[in-house]
Amino acid sequence: MTQTKADVPPSNTSDGVGCHGGKDEMRRAAAAAGKSETLDRYAADYPVGPHDQPQSMCPAFGSLRVGLRMRRTATVLSGSACCVYGLSFTSHFYGAKRSVGYVPFNSESLVTGKLFEDIRDAVYQLADPEKYDTVVVTNLCVPTASGVPLQILPPEINGVRIIGIDVPGFGVPTHAEAKDVLAGAMLRYARQEASQGPVQAPRAGRSERPTVTLLGEMFPVDPVGIGMLLEPLGLAAGPTVPTREWRELYGALDCAVVAAIHPFYTASVREFHAAGRKVIGSAPVGVDGTAAWLDSIAEACGISAALVGAAKDRFLPLIKATLAKSPIKGRITLSGYEGSELIVARLLIEAGADLRYVGTACPRTPWSDPDRQWLEAHGVRIQYRASLQQDIAAVEEFKPDLAIGTTPVVQHAKQLAIPALYFTNLISARPLMGVAGAASLAQVVNAAMANKSRFDAFRDFFEGVGEGDTAGVWEDVPEDHPEFREQVRRQMARAAAKRKAEEMG
Ligand code: SF4
């Protein structure tokens, strides 16, 4: 029998659910549809609270971007058209040069299982070993809630690996952690391949020295700088995970130690642990951070104190001198959702900034604990899983000379005539590690703080033009009509009561 949309339970339609509401309903539906194990794993890997989800972009953007940046990788989304449109738009806005595959559905194909058949057909059509190493299929909110079983796709077709992941907004809190969902799934697959026999060597051949795998996307200069720091220890920088190519995954697993530069890759760490690798936290930022990080690497790899001492003698004075040459003077609040907020905060403080608050959308994990301890010892308040309201409250409380944050935080600060910088584009997309990192933040931060007088002039110029719903160009001064709001509120309450009565009747 053909089911119509009216026959479909509300949890199985895309109407009125998703990132704007209905999350609990979606969770219940997903659990009932056989996705409990996946959701339980996400709940353990990506703990939420005090807020259940920071306000941020669709989480699936993180995993989508990881796939789109890999060579010979096809990416297919399965989700509501509006979600796929938004994700495709954003990924191309951020420079993706690849197509995003899409398997559309309607209520009927969703509930009858035809969507899964369509996805499988699409995967068979795409799996051309001449073009691809891997096809990644991602279930967004609605197909996850409906239990579309990507886990039973064939693991390999014509030698092309097939990876199916669920990345629902009601299960994966941030786009940062969604990167981990895909990176972890790929590492797991590659680990199983490596355990079964020989695998492809890295493109440039195996390093002669033991390597340190770097966990977390960073500015391209950073792995080079880290490699220089490691050289006196007899080590080399290995691949960066998420990788840009499938064969790098084997190299990443084949390391002496993993450096979790970004601290939220819980599923990836699980795979490294399963491969018998040690994982260390924090990052070589500033003088203290670099010294502590070199100690951790040396301890994990059994390297002598003499070699570590030589590396410190070579680099720490350079980092110190570079920081001293371009000091940062002023009070700063910082918030973001990239996961690198704590290490950026350390660097700012070492450069002289009076940093009071760090808000991060990511959770507290063991790999950022050294940074947390260092920052707390320097009097910084840290907010994990920070909400927009907390970030804004920090700006209002500390009245900084510069607010570094997400777009709405920056907008709020600028309305208060406080210079502000967008964390993702202007701060996290810079070198942060070692000597290069010590030089990179001062210029942009000091230039922004020096703009204070321009913000004051702007504010004075626009003083009295109205704000909120009275902003803009008007022939008369707009009048507030609170009675209209009250009327609409009453109408909505009546409509909700009527709906409820109809449901019960
Ligand atoms: S897939 Fe993303 S955009 Fe779509 S409903 Fe879920 S969280 Fe929102």
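Begin by selecting domain 1 and domain 2: their centres, taken over C-alpha atoms, are separated by 32 Å. The model on the screen is a predicted one.

**The division of the chain**

Colour the chain by its three parts: domain 1 covers residues 5-173, domain 2 covers 211-319, and domain 3 covers 327-459. Next, examine the place where domain 1 meets domain 2. Here eight residues of domain 1 are in contact with seven residues of domain 2. On the domain 1 side of this meeting, three residues are nonpolar, one is polar and four are charged.

**A sheet of four strands**

Now select strands β6, β7, β8 and β9. They form an open sheet in the order β7-β6-β8-β9, and the pairing is parallel. Which strands stand at the edges of the sheet? They are β7 (236-241) and β9 (279-280); each has a single partner strand, so one side of each is left without a neighbour in the sheet. As a general point, the strands of a sheet pair through backbone hydrogen bonds, in either a parallel or an antiparallel manner.

Restrict the selection to β6, residues 211-215, together with β7. These two strands are joined in the parallel sense over four bridges. To locate one partnership, select Leu215 and then Val241 in β7, which is its bridge partner.

**Two helices on the sheet**

Add helix α8, residues 221-230. This helix lies across β6 and β7 and runs at about 150° to β7. Then add helix α9, residues 246-253, which packs on the sheet and touches β6 and β7; its direction makes about 130° with that of β7.

Keep α9 selected. How many of its eight residues are buried? The number is seven, so that the helix is mostly covered. The buried residues are Trp246, Glu248, Leu249, Tyr250, Gly251, Ala252 and Leu253. To see what covers them, display the surrounding elements, including β3 (134-139), α7, β6 and β7.

**The largest nonpolar core**

Finally, turn to the largest nonpolar core, which has 139 residues. Select Val135, Val212, Ala345 and Leu348, the members that touch the most other members. Helix α7, residues 175-196, gives the most to this core, with eight residues. In soluble globular proteins, nonpolar side chains tend to be buried together.

End the tour by centring the view on Leu348. When its neighbours within four places in sequence are left aside, Leu348 is in contact with Ile328, Ile332, Ala353, Leu355 and Leu441.

Notes. Residues are numbered from 1 along each chain as its sequence is written. This is a predicted model: local features need pLDDT of at least 70, side-chain atom pairs count only at pLDDT 80 or more; totals for chains, interfaces and linings use all residues. Two strands pair if DSSP finds at least two bridges between them. Axes are lines fitted to C-alpha atoms, for helices over the stretch in contact, and angles run from 0 to 180 degrees between N-to-C directions. A nonpolar core is a set of buried Ala, Val, Leu, Ile, Met, Phe, Trp, Tyr and Cys residues joined through C-beta atoms within 7 Å. A residue is buried if 20 or more other C-beta atoms lie within 10 Å of its own, exposed if 12 or fewer, and partly exposed in between; C-beta atoms are placed from the backbone. Domain bounds come from an automatic or database domain assignment. Ala, Val, Leu, Ile, Met, Phe, Trp, Tyr, Cys and Pro count as nonpolar, Asp, Glu, Lys and Arg as charged, and the others, Gly among them, as polar.
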